[in-house]
Structures are given as structure tokens and as C-alpha cells.
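Reader: I should like to learn how to read the features of a protein model one after another. May we begin with the sheets and proceed from there?

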Amino acid sequence: MATLDLINVQKSFGPTKILHDISISMADGEFLVLVGPSGCGKSTLMNIIAGLEEPSEGQLRLDGHDITQLAPAERNISMVFQSYALYPNMTVAKNIEFPLAMRKVEKSKRAERVQSVAKLLQIEHLLERKPRQLSGGQRQRVAIGRALAREPRLYLFDEPLSNLDAQLRLDMRTEIKKLHQRLGATIVYVTHDQIEAMTLATRIAVMKGGVLQQLGSPYEVYNRPANIFVAGFMGSPRMNLIKARLAQNGSGLALHIQTGTRPPVRFELPNVPSAMSAHIGAEVIAGIRAEAVNLAHASMVAGPTQRAFDARVEVIEPTGADTLVVLDLGGHEFTVRLEPDVSLKPGQDARFFVDLAKLVCFDAGTERLIE
Ligand SMILES: Nc1ncnc2c1ncn2[C@@H]1O[C@H](COP(=O)(O)OP(=O)(O)O)[C@@H](O)[C@H]1O
Ligand SMILES: [Mg+2]
């Protein structure tokens with residue numbers, strides 16, 4: 001187990017800068033998930049940590065020791081790739097044992113490690129098979145087993161579930177989380193799937209275009225996204241992002257949402273961060289999660305941070321566990337998450353409550369969270 005520090009890591013391929021000044025410090029036992037769209041530099045950063053690529057600038061420290069110049073084999077880091085990279089002619093047992101044999105680990109010790117890893121991953125009955133005789137999920141387990149057998153200080157997973165079908169991905173996701181809970185290992189895990197990121201991570205690093213956008217707990221990244229990119233990328237459905245204007249309202253503030261031909265919707269804001277006052281009169285982007293809205297019932301009294309509004313129901317999407325309803329809020333599409341048995345009809349007008357304790361606002365110019 002280990003701590004990992006990435007200090008001002010940069011990478012260019014020729015004239016193209018792929019990674020811009022990435023600094024991340026990981027505590028022992030952390031499960032850090034790097035998430036971002038395809039091509040944002042996740043694999044490049046992983047390859048730099050593994051030692052397969054050299055950074056153009058910056059330093060890497062494992063347990064406080066500078067490893068920037070060490071060869072991959074000297075780093076004691078295991079990497080599991082999307083493509084498994086199993087040796088086709090070796091049995092499962094040999095595949096798992098191979099990195100140990102390379103390191104000249106004693107034979108009896110090797111057999112012991114293979115057995116204990118196979119038991120942990122429940123692949124004992126597969127040890128004598130060749131990779132082609134395995135399903136995708138079984139191959140993935142073997143690839144993970146090979147990484148575990150070495151007992152490295154740090155595990156790297158680069159999109160390990162991307163080649164699996166949907167149900168198996170969910171199962172393996174749970175397996176990997178269990179594994180982390182059992183081993184307490186330090187893990188860096190790459191995915192382009194924001195749900196995978198949310199469910200696995202102790203901390204998430206959101207990247208875009210080689211720039212670290214936000215580093216925080218799943219809760220922070222979801223509820224307090226650092227900018228509009230993170231707000232739109234994390235969470236399904238996406239956070240509702242609506243242009244609005246901040247106005248003085250007595251001693252407090254109010255949010256005015258322009259609504260085309262209808263009168264603007266106006267929300268009095270409860271306990272807003274003081275930084276918002278600097279934006280009075282300015283355009284902001286209001287961010288509201290789908291689950292911050294409820295259908296108003298006749299007998300309901302709004303809570304201190306709840307505000308009522310009227311909107312037209314456009315589309316109803318039952319998911320089973322809940323119902324996503326797309327509203328037309330005076331020309332803005334606004335998706336809300338309601339009860340599974342909600343009785344609304346497309347075209348109908350209805351009244352809703354939004355909980356503004358969960359509202360975030362972004363600067364319309366810089367697109368950064370106002371906090
Ligand atoms: N060896 C290389 N030479 C030149 N460009 C590269 C090389 N490896 C990756 N890139 C470029 O770097 C960018 C980031 O790639 P990558 O790290 O694989 O992204 P991700 O894993 O997030 O999808 C891409 O634009 C890719 O084309
Ligand atoms: Mg990649």
C-alpha cells in the first residue's frame with residue numbers, strides 16, 4: 001500500500017500538449033477515479049504513473065520517493081488494461097504466476113499466491129484453462145488476479161470494464177469495490193463512465209482536454225461541480241443549466257429566469273453564498289439537479305428553502321425506480337425526477353416545488369461555480 005503524489009505533471013507529444021500541469025496527492029488506501037471524455041488524456045496519465053511514458057515536466061512520488069526516472073518494473077505498480085492482455089498460450093494459473101516468475105519469486109511461494117488470488121476472485125476452477133476457454137468476465141478476473149498476485153504498492157486500472165456487456169459491468173464493478181474494501185489498496189482507476197466513477201471512487205478527478213477540472217469526493221463533484229463542464233458531465237440525467245439574472249431582493253437576492261413570452265419566473269434565494277452578491281445584475285447559469293424538484297400537492301406547504309413554480313409537462317419517461325419528466329419552463333427544458341407512480345400527462349400544466357438549498361450558480365462568463 002502506498003501514497004502517490006503527482007506534482008505538476010505535464011506531457012506533450014511533439015508540439016501538442018496533452019496534459020497540463022496535473023497535481024494530485026493520494027492518501028494510502030484511496031480509490032481515485034480519473035474520469036473524462038475520450039481523448040482527454042486519462043490513459044496518458046496512467047501510462048506516466050506506470051512508467052510506460054515519461055512526463056515532459058513534473059515529478060511522481062510513491063510513498064514519498066521520487067520514481068519519475070524509474071523503469072516500470074522497478075516501480076512495484078500493477079496495471080490492468082481494458083484489453084486484459086493475457087498470454088493466449090498459457091493457462092490461467094501460468095498467466096497469474098508469470099509476473100512472479102519474472103521477478104524470480106520462489107516456486108512454492110508462487111503457487112501459494114496463485115491459489116490465494118484464485119480463491120479471492122473465485123476462479124479456482126478455471127486455473128487449468130486457456131484464456132480462449134473463458135468468458136469476457138472470467139478473463140477480466142484473471143487479468144485482475146495477475147495484478148493482485150504481485151502484491152504491488154499501487155494498482156492502476158485503465159477502463160477495465162469497457163469490453164464487458166452491461167450486466168457484467170455492474171457485477172464486476174461491485175466485485176472491484178469489494179476488493180478495494182477487503183484489501184484497502186491504493187487504486188487509480190480510469191473510466192469515461194461517470195456512473196462508474198461515482199460508485200467506485202473515494203475521490204474523483206474530472207479531466208477535460210488534459211486539464212484537471214475538479215478533484216473532490218463523489219458528493220462534492222455531484223453537488224458542487226467546479227464548473228459547467230463538470231455539472232454537465234457528472235450525473236444522469238444531466239444537471240439542469242438555465243440562464244438567469246441575479247437581482248437584489250430586499251436584503252436578499254432573487255433569481256430571474258427569462259421565460260420568452262410569459263412573465264419571468266422569479267425565485268427568492270435562501271441563504272446564498274456571499275460571493276453571489278458580486279453578481280447582482282449579472283447573468284448567471286443556474287444549476288438544479290432533477291431530484292431537487294417535487295410535484296406540489298394541494299395540501300403541501302413549502303419548506304423554508306422550497307419555492308413553487310408552474311411548468312408544462314412535455315415528456316414522461318418512467319425508468320421503473322422513478323419517473324423522469326421533462327418540463328417546459330417558459331421555453332427552457334427542465335428535467336425533474338419524480339415518483340414512479342406519478343400521474344401527469346404530456347401537455348398538462350402543473351405546479352412544482354424546487355428546493356433551492358440544492359441550487360448552484362455559475363458565472364456565465366467564466367463558467368465557474370460561484371461560491
Ligand atoms: N504516443 C502518442 N503520440 C501522439 N499523441 C498521442 C499519443 N498517445 C496519446 N496521444 C493523444 O493524446 C490524447 C489523449 O489520449 P489518451 O491519453 O489516450 O486519452 P483517453 O485515455 O482519455 O481517451 C489524444 O488526443 C491522443 O490522440
Ligand atoms: Mg484511454
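**Reading the model**

Author: The model is predicted. Let us begin with a single pair of strands, S16 and S17 (residues 323–329), which are joined in the antiparallel sense by six bridges. Within this pair, Glu317 has Leu324 of S17 as its bridge partner.

Reader: What is the order of the strands in the open sheet of five strands?

Author: A sheet is read by following the pairs from one edge to the other. Here the order is S15-S19-S16-S17-S18, and the pairing is antiparallel. S15 and strand S18 (332–338) are the edge strands; each has a single partner strand, so one side of each lacks a neighbour in the sheet. From one strand to the next, the twist averages 50 degrees.

Reader: How many bridges join strand S16 to S19?

Author: Strand S16 (residues 306–318) and S19 run antiparallel and are joined by seven bridges. Across this pairing, Ala308 is placed opposite Phe353 in S19. Strand S19 (residues 349–355) also pairs with strand S15 (residues 293–295), in the antiparallel sense and over three bridges. There, Leu295 has Phe352 of S19 as its bridge partner.

Reader: Which strands form the open sheet of four?

Author: The order of that sheet is S2-S1-S4-S5, again with antiparallel pairing. Its edges are strand S2 (16–26) and strand S5 (65–66); as each has a single partner strand, one side of each is left without a neighbour in the sheet. Strand S4 (residues 57–62) is joined to S5 by two bridges in the antiparallel sense, and the bridge partner of Leu62 in S5 is His65.

Reader: Which helix lies across S1, S2 and S4, and at about what angle to S2 does this helix run?

Author: A helix may be described by the strands it crosses and by the angle between axes. Helix H1 (residues 42–50) lies across strand S1 (4–13), S2 and S4, and runs at about 60 degrees to S2.

Reader: Which residues are around ligand 1?

Author: A ligand shell is read first as a list, then by the elements that contribute to it and by the character of its residues. The residues around ligand 1 are Phe13, Ile18, Gly36, Ser38, Gly39, Cys40, Gly41, Lys42, Ser43 and Thr44. H1 contributes the most to this shell, with three residues. By character, the shell comprises three nonpolar, six polar and one charged residue. H1 thus appears in two descriptions: as the helix across S1, S2 and S4, and as the element giving the most to the shell around ligand 1.

Reader: Which residues of helix H2 are buried, and against which helices do they pack?

Author: For a helix, one lists the buried residues and then asks what they face. In helix H2 (residues 92–102), the buried residues are Val92, Ala93, Asn95, Ile96, Glu97 and Leu100. They pack against helix H3 (107–120) and H4. Just after H2, Lys104 adopts a positive phi of about 60 degrees.

Reader: Is Ala147 buried or exposed?

Author: Ala147 belongs to helix H4 (residues 136–149). Ala147 counts as buried because 23 other C-beta atoms lie within 10 Å, where the cut-off for burial is 20 or more. Apart from neighbours within four places in sequence, Ala147 contacts Ser78, Met79, Val80 and Tyr155. Glu97 is 50 residues away from Ala147 along the chain, with 10.0 Å between their C-alpha atoms.

Reader: How far apart do the C-alpha centres of domain 1 and domain 2 lie?

Author: Domains are read from their bounds, their separation and the residues that join them. The domain assignment gives domain 1 (4–233) and domain 2 (240–363), and their C-alpha centres lie 40 Å apart. Between them, six residues of domain 1 are in contact with five residues of domain 2. On the side of domain 1 that touches domain 2, three residues are nonpolar, two polar and one charged.

Reader: What may be said of the protein chain as a whole?

Author: The protein chain has eight helices and 20 strands. Along the principal axes, its C-alpha atoms fill a box of roughly 75 × 45 × 35 Å. Of its 371 residues, 35% count as buried. Among contacts with a separation of 6 or more, 65% are between residues 24 or more positions apart.

Terms used: Residues numbered from 1 in each chain as written. Chains lettered and ligands numbered in written order. Predicted model: local features only at pLDDT ≥ 70, side-chain atom pairs only at ≥ 80, totals over all residues. Pairing = 2+ DSSP bridges. Contact = placed C-beta atoms within 7 Å. Axes fitted to C-alpha atoms, helices over the stretch in contact; angles between N-to-C directions. Buried ≥ 20, exposed ≤ 12 C-beta atoms within 10 Å, placed from the backbone. Domains from an automatic or database assignment. Nonpolar A, V, L, I, M, F, W, Y, C, P; charged D, E, K, R; others polar. Near = placed C-beta within 6 Å.
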